[in-house]
Amino acid sequence: QVQLAESGGGLVQAGGSLRISCTASTRSFSQHVFGWFRQAPGKERELVASIPLSGASTYYADSVKGRFTISRDTAKKTVDLQMNKLKPEDTAVYYCAAHLVGEPFFEAWGQGTQVTVSS
């Protein structure tokens, strides 16, 4: 099973940018779909963005469209989330997740990285 490790979280002021990264330990990186989820205190975990095998047809939650960009690098086996124009409501623990193509649910999860946006 793929193992995921997030990095790059931290504290940033509203309007700023942050890039978080997920490194995948797997021989079949190119066969996995990846996603970034987030969970704020007292709220349910939500899917923020996902990226398919080809990198095209990415998905974004309405709340982050136009501000966040997800990308994948097969050579480095990384999936990044570039977050611009950050808002206090983006504060959450961000989780990287993955599933093999054809599987219906995300089955592998990272430990999460904290992103805090101050007003």
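Leu-81 makes a good starting point for a tour of this predicted model. Setting aside residues within four places in sequence, Leu-81 is in contact with Leu-18, Arg-19, Ile-20, Trp-36, Val-48, Ala-49, Phe-68, Thr-69, Ile-70 and Tyr-94. Leu-81 also belongs to the largest nonpolar core, a set of 30 residues, and is listed there with Leu-4, Phe-34, Trp-36, Met-83 and Tyr-94 as having the most contacts inside the core. Many parts of the chain feed into this core: at least two residues each come from strand S3 (18–25), S4, strand S5 (46–51), strand S7 (68–73), strand S8 (78–83), strand S9 (92–100) and strand S11 (113–118). In soluble globular proteins, nonpolar side chains tend to be buried together.

Leu-4, another of the core residues with the most contacts, sits in strand S1, which covers residues 3–7. Its relative accessibility is 9%, under the 20% cut-off, so Leu-4 counts as buried. Beyond its neighbours within four places in sequence, Leu-4 has a long list of partners, including Cys-22, Phe-34, Cys-96, Ala-108 and Trp-109. The C-alpha atoms of Leu-4 and Thr-78 lie 9.3 Å apart in space, although 74 residues separate the two in sequence.

His-32 offers a view from strand S4, which spans residues 32–39. With a relative accessibility of 4%, His-32 is likewise under the 20% limit and therefore counts as buried. When residues up to four places away in sequence are not counted, His-32 touches Val-2, Thr-26, Leu-53, Arg-72, Ala-98, His-99 and Leu-100. Ala-98 is also found among the contacts of Leu-4.

Stepping back to the whole chain, the secondary structure consists of eleven strands and zero helices. The radius of gyration is 13 Å, close to the 14 Å given by the globule rule for 119 residues, so the chain is as compact as a globular protein of that length. Along the principal axes, the C-alpha atoms fill a box of roughly 40 × 25 × 25 Å. Of the contacts with a separation of 6 or more, 56% join residues 24 or more positions apart.

Burial and surface complete the picture. Buried residues account for 45% of the 119 in the chain. The accessible surface amounts to about 6,300 Å², and carbon and sulfur atoms contribute 49% of that area. As for charge, there are 12 positive and 10 negative side chains, with the centres of the two sets 5 Å apart.

Notes: Residues are numbered from 1 along each chain as its sequence is written. This is a predicted model: local features need pLDDT of at least 70, side-chain atom pairs count only at pLDDT 80 or more; totals for chains, interfaces and linings use all residues. Side-chain values use heavy atoms; hydrogens and water are left out. Helices (H or I, at least four residues) and strands (E, at least two) are DSSP runs, numbered from the N terminus. The radius of gyration is taken over C-alpha atoms; the globule rule is 2.2 Å times the number of residues to the power 0.38. Buried means under 20% relative accessible area, exposed over 50%, partly exposed in between (1.4 Å probe, protein chains only). Contact means heavy atoms within 4.5 Å. Accessible areas come from the Shrake-Rupley method with a 1.4 Å probe; for residues, only the protein chains shown count as cover. Lys and Arg count as positive and Asp and Glu as negative; His and the chain ends are not counted. The place of a charge is taken as NZ of Lys, CZ of Arg, CG of Asp or CD of Glu. A nonpolar core is a set of buried Ala, Val, Leu, Ile, Met, Phe, Trp, Tyr and Cys residues joined through side-chain atoms within 4.5 Å.
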